[in-house]
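Reader: Could you walk me through the labels used for this model and what stands behind them?
Author: Gladly, let's take them one at a time.
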Amino acid sequence: MVDTAPTTTPAEQRAAKRHPGRAPKGYSMRTLPGFSVIALFTMIVLYAPIMILVIYSFNEGTSLAIWEGFSLRWYRQAAANEAVQDAAIRSLYLAFIASSIGTVAATMAALATTRTRRFPGKTMIYALINQPLMVPEIVTAVALLIVFATIKVWTGHTSMIYLIVAHTAFCIPFAYLPIRARLETMDMSLETAARDLYASPWLTFRKVTLPLMWPGIVAGLMLAFVISLDTVVITEFVKSAGQETLPTYMLGQLRRVVTPEVNAISTVILAAGAILVALFFRLTQRKG
Amino acid sequence: MIDIDNVTKVFGAGDAAFTALSEVSVTIAENEFFTLLGPSGCGKTTLLRLIAGFEPPTAGAIRLGGRDITRLPPNQRPVNTVFQSYALFPHMSVAQNIAFGLEMLGKPKAEVKSTVDDMLRLVRMEAMRDRRTSEISGGQQQRVALARALAPHPEVLLLDEPLSALDLKLRKEMQIELKRLQSETGITFVFVTHDQEEALTMSDRVAVMSAGEILQVGPPRDIYERPAERFVANFIGESNFLNADLAGDSVTLAAGGTFPVRRPDGVRDGKVSVLVRPEHITLGGAGDTLRSTIENVVYSGEATVAHMVLPTGEPIKARLSNAPQGDGALPGAGSQVTIGLAPGAITVLRD
Ligand SMILES: Nc1ncnc2c1ncn2[C@@H]1O[C@H](COP(=O)(O)OP(=O)(O)OP(=O)(O)O)[C@@H](O)[C@H]1O
Ligand SMILES: [Mg+2]
């Protein structure tokens, strides 16, 4: 008899998972000397200043160091401040447009790099898409400043378009990562099966690929939104006069009088970001 | 019906090129249960993928009912596949999976519903129609995959090891079920397996493949009783290979004895290998002339297998059915016995 090499069936794989050989022992927090100390220290450095910032946003007084009792005064003041309102609306508008366009582009890029045959330059494209993650933000900002400043002088045109273009480009790699990760876990044979069952390429995309990659797209959109919302360096360099976003407004305030109003705005941004990031993790961890 | 004409498939290019199929030609008849049998990696799935249209052949043509479909995209071929990995849509229920093909064909809602109901009944999954595909067992997933591929009533159904995940009992049931389906629906089945027994019991014809080539095509009985090559004989069933001399219509075994044989085409007189199936050998008959020495006797339920050596040193084994009562005891290791060959037991191989 020729022995036919056994292919592992899903049942066997499940069995193997249930009865693993000798699994390596995990590290134990108790036996690693200093583990808890370092962990605790890191946590304190990361979160203590933020805690203080949040606490003082509720301070009755004007000081950032002396507690004078609880109040929502600074929240009320920030909400009533027209400059803050203006900057907040601009920030949201910018984040919405940039993350939407960026996510569409990232979706197409992810499809092109996972769902097509090998083509020359595929690895190169992959590297190019991710490069913005490696280039320091300040370099991107300076480069954009130089190009956009020239265009502004030539055309005299100073609308939001520059910020939208800059934020969109900056968002794309962040949106791309979760979408690509999602596509890579998706079995290509599902699309093959749809084609086999008389679906055209477009219907295959709409009925199978898109619904299955949807959690990745939403996650990418949220990540891009948060990134756009708190990008300060690029915005500061690219914006024209009167185009403050929340982060650049705060930066401007910090140069003058510092009141807990900045804390209040930060706390709101922090809460919004935390909610989006929590949603992001829920979406990326749930298996479809 | 399906005409595979000189099809070659090469994956990759340059140094990394790999020929998965080389100049395969075979014609599959309408409403035939045709099985591709061969070891892992021999190109069975690749051949199915070419018929389904998921890959274009590197050379050659594929025709369906006389029409050249070589370049037709998969959604325009009246061919459906039961995938080796099932490939059920995880975001749809069992019923939605089965309805998918019909909906893509634009069938009216009422027809879709009644066909889906029929299919669910057929694979006995009515109770699970609204389950997600992740909430059913492996065997049930396989049945849904079968129902989904059958629902649009294709002209050809391709099945890639569809029973491999089932336990023995369900597997036997599904074998009978598949066979019934095939004769009732009039659909041509192209079935892939590397289980020889499954291939022999279910098929009208079997193609034995090895390393990208079809070695032999024929009805199960031909494949088993008259394998053309050593590989085929070896892959299907138990075999004894003996050296012999072929002269005209008879062979003389190296171990002695001359027997009449069917002479295959293209084999010249002289030294040949012959095949003798272990169950075609008897021991201690009256007129037996071949002598051998017993090395080992193994009892295996319905039969006893005697491992022996001929005076030439060639090993030979005999498979003897166990009698209902009788002590059935064979002489022990080291004893001499005579061997008899049933008429027609010797097959001359072409290698
Ligand atoms: N896309 C591909 N690129 C390169 N090589 C491939 C590709 N698909 C298949 N092959 C190779 O072609 C050969 C035949 O593969 P195929 O899947 O047809 O085998 P099979 O007979 O179905 O095996 P099994 O019984 O294990 O399913 C294998 O050696 C495989 O590695
Ligand atoms: Mg296969």
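Author: Let's begin with a definition: buried means under 20% relative accessible area, exposed over 50%, and partly exposed in between, with a 1.4 Å probe and protein chains only. This is a predicted model, where local features need pLDDT of at least 70, side-chain atom pairs count only at pLDDT 80 or more, and totals for chains, interfaces and linings use all residues. Residues are numbered from 1 along each chain as its sequence is written, chains are lettered from A and ligands numbered from 1 in the order in which they are written, and side-chain values use heavy atoms, leaving out hydrogens and water.
Reader: Why is A:Thr245 called buried or exposed?
Author: A:Thr245 has a relative accessible area of 2%; the cut-off is under 20%, so A:Thr245 is buried.
Reader: Which residues does A:Thr245 touch?
Author: Contact means heavy atoms within 4.5 Å. Leaving aside residues up to four places away in sequence, A:Thr245 touches A:Ala87, A:Arg90, A:Ser91, A:Leu94 and A:Thr235.
Reader: What makes the site of ligand 1 shared between chains?
Author: A residue is near a molecule if one of its heavy atoms lies within 4 Å of it. Residues from chains A and B surround ligand 1, so the site is shared.
Reader: What makes the pair between B:Thr46 and ligand 1 a polar contact?
Author: A polar contact is a pair of N or O atoms within 3.5 Å. An N or O atom in the B:Thr46 side chain is 2.6 Å from an oxygen atom of ligand 1, so the pair qualifies.

Note on methods
Polar contact = N/O pair within 3.5 Å; in protein donor to acceptor, adjacent residues only side chain to side chain.
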